[in-house]
Amino acid sequence: MVAHVPEVGPPLIRADALQVGYGGVAMLPPLSLEIGRRELWAVVGPNGAGKSTFVRTLLGLERAVAGAVTRAPALRLAYVPQQGALDAIFPVSVRDFVLMGRQGPRGVLGRPRAADRAAAHGALVEAGAEGFARAQLRDLSGGQRQRVLMARAIARDADVVILDEPTSALDLPSERDVLALIEKVRARAAVIMVTHLVGDALDRADHALLLDRDHDVALAARPDDMRVAPAFQHVYGHFVGHARGQH
């Protein structure tokens, strides 16, 4: 894996004493962090720890219980949900699904512009999904569908790409392909990745975020510091291996 150097500059997203939750009730302690250009953030923690709520708050889909989230002007966000969040029955071709990821002014009668079509095609090529562009999304395998989800995010030309368990339920070859694609994405965008591949994520990430609702933990740290943090060791033990699926 090639060494990665994040860009220096003002943060794309800043959280100041942020508390996330529902109905005005916080589920985690206050958290402050800054997400910079081309940084990879690994978000880890047990199931039900508050990871999805944190992501939804960054996206602006949930209101912060306390504190604030500040986004850079004209920031472009792309969200790649878990495969299970997709409607498997909805009839749409791969090409059209990726094209739907393009946002902004449309051409005559609301039709996609030539630039939109070119961006969608380029994203399919980059994600290795151009070979099944005419297929129906519902007919794809799990690995193929994840490639299409990534292609849609690439077509968005986002500044920040948020991934929710991008390797969930994939076989080992598909998992490796998706992780390699994530490395391509972070060459031009910041990536926030919720994942259960903790060891691999810490090896790749510039920063890690541990969320643990049950133990009132919201800890941001460099990967090496995270590995030895008592809160992290309490959840994952004194060592997190690199083996696939090891938590």
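Helices (H or I, at least four residues) and strands (E, at least two) are DSSP runs, numbered from the N terminus. The structure on screen is a predicted model, in which local features need pLDDT of at least 70 and side-chain atom pairs count only at pLDDT 80 or more, while totals for chains, interfaces and linings use all residues. Residues are numbered from 1 along each chain as its sequence is written, and side-chain values use heavy atoms, with hydrogens and water left out.

**Whole chain**

Begin with the protein chain in full, whose secondary structure comes to eight helices and 11 strands. Of its 247 residues, 49% count as buried, where buried means under 20% relative accessible area, exposed over 50%, and partly exposed in between (1.4 Å probe, protein chains only). A surface display will show an accessible area of about 12,000 Å², with 52% of it belonging to carbon and sulfur atoms; such areas come from the Shrake-Rupley method with a 1.4 Å probe, and for residues only the protein chains shown count as cover. With contact taken as heavy atoms within 4.5 Å, 68% of the contacts between residues at least 6 apart in sequence join residues at least 24 apart.

**Two alanines**

Select Ala17 next, in strand E1 (residues 13-19). Most residues other than glycine have a negative phi, yet phi of Ala17 is near 45°. Ala17 counts as partly exposed, because its relative accessibility is 39%.

Then move to Ala169, in the loop between strand E8 (160-164) and helix H5 (172-185). Ala169 also has a positive phi, near 65°, and with a relative accessibility of 80% it counts as exposed.

**Ile192 in strand E9**

Select Ile192, which is found in strand E9 (residues 190-194) and is buried, with a relative accessible area of 1%. Leaving aside neighbours within four places in sequence, the residues in contact with Ile192 are Ile35, Trp41, Val43, Leu58, Val160, Val161, Ile162 and Leu163. A C-alpha to C-alpha distance drawn from Ile192 to Ile35 should read 8.8 Å, for two residues that are 157 apart in sequence.

**Helix H4 and its partners**

Show helix H3 (residues 114-126) together with helix H4 (residues 142-155), which pack at an angle of about 135° with their axes 8 Å apart. Here axes are lines fitted to C-alpha atoms, for helices over the stretch in contact, and angles run from 0 to 180 degrees between N-to-C directions. The angle makes H3 oblique to H4, given that under 35 degrees counts as roughly parallel, over 145 as roughly antiparallel, 65 to 115 as roughly perpendicular and the rest as oblique. To see the contact, select Ala119, Ala120, Ala123, Leu124 and Glu126 of H3 with Ala151, Ile154 and Ala155 of H4.

Keep H4 and add H5, where the packing angle is about 10° and the axes are 10 Å apart, so H4 and H5 are roughly parallel to each other. The contact is made by Gly143, Gln146, Arg147, Met150 and Ile154 on the H4 side, and by Ser174, Asp177, Val178, Leu181, Ile182 and Val185 on the H5 side.

**Last stop: Gly142**

Finish at Gly142, which is found in helix H4 and counts as partly exposed at 29% relative accessibility. Not counting residues up to four places away in sequence, Gly142 touches Gln83 and Leu170. The C-alpha atoms of Gly142 and Ser168 are separated by 9.1 Å, with their positions 26 residues apart along the chain.
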